[in-house]
Amino acid sequence: MFVTVLSTALLLLFVIPISYVLARYRFAGGKLISTIYMACIFLQATYIMIPLFLELQAINGLNNLPVLCLVYAVMQFPFCIFTLQGFMSAVPKDFEESARIDGATNLQLLLKVMVPLAKPGIATITMLSAMGFWNEYPLALVLLTDDAQKTLPIGMANLFEVQKYATDWGALFAGLVIIMIPTMIIYLIGQRYLLQGIGAGGLKG
């Protein structure tokens, strides 16, 4: 729970303002940055596992859950920025212009205008990312070598290996149910926003 919540919070903290800037402001290199983010969607964590492990080992970042949360968040940046940038680009600029006339600052525009209007998009990336963080296995397996720090998917994999020979299927299925419950709750809470987000994402601004 700690890893999922902190990773999601870090993701939203960075992705929302980055998406807003790329969607609304025109500056030198803006299109290049957007293109790089889109290209990085195809860069999976398993492709850079060895250099990532060596870098974190050099800064004593292994077996550190906050560092793992930061890595999780950064790996989701490309997809989430690409998705949320599309939502924010579709928001009419009239809302921002009205707020500027009333004296709103850039930060107020982001928090009081763009975030409420882009709520379906924010809910979509929050749900998808949180479920991805909850079930993530390869990075946690490599970056967490201390048994006391290992996340739930690694524990379930170990339990599966043990129960294969102990034939205690009741314990294994009980563990699977425990893992499924949080993802089901997240989906049930946010399904309305997810459906709105899918519908809005299919429209051109």
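The largest pocket of this structure, which is a predicted model, holds about 350 Å³ of space. A helpful way to picture such a feature is this: rolling a probe the size of a water molecule over the atoms shows where empty space is left. Around the largest pocket, 17 residues form the lining, and those nearest its centre are Leu43, Gln44, Ala45, Met75 and Gln76. Three elements each give two or more residues to this lining, namely α4 (65-90), α7 (119-135) and α8 (138-143). The biggest share comes from α4, which supplies 5 residues. Sorted by class, the lining of the largest pocket comprises 12 nonpolar residues, 4 polar residues and 1 charged residue.

Attention now turns to helix α6. This helix runs through residues 106-117, 12 residues in total, and spans 15 Å between its first and last C-alpha, close to the 16 Å expected at 1.5 Å a residue. Within α6, the buried residues include Leu109, Leu110, Val113 and Met114. Viewed down the axis of α6, the buried residues fall within an arc of 130°, and they therefore line one face of the helix. What do these buried residues pack against? Their partners are α1 (2-24), α4 and α5 (94-101). Helix α4 thus appears in both parts of this description: it gives residues to the lining of the largest pocket, and the buried residues of α6 pack against it. The other side of α6 carries the exposed residues Leu107, Leu111 and Lys112.

Note on methods. Residues are numbered from 1 along each chain as its sequence is written. This is a predicted model: local features need pLDDT of at least 70, side-chain atom pairs count only at pLDDT 80 or more; totals for chains, interfaces and linings use all residues. Side-chain values use heavy atoms; hydrogens and water are left out. On a 1 Å grid over the protein atoms alone, a cavity is a set of points where a 1.4 Å probe fits but cannot get out, and a pocket is an open set with protein on both sides within 12 Å along at least five of seven lines; lining residues have an atom within 4 Å of a point. Grid points are joined across faces, edges and corners, and a volume is the space filled by probe spheres set on the points. Helices (H or I, at least four residues) and strands (E, at least two) are DSSP runs, numbered from the N terminus. Ala, Val, Leu, Ile, Met, Phe, Trp, Tyr, Cys and Pro count as nonpolar, Asp, Glu, Lys and Arg as charged, and the others, Gly among them, as polar. The expected span of a helix is 1.5 Å times one less than its number of residues. Buried means under 20% relative accessible area, exposed over 50%, partly exposed in between (1.4 Å probe, protein chains only). The arc is that of the directions from the helix axis to the C-beta atoms. Contact means heavy atoms within 4.5 Å.
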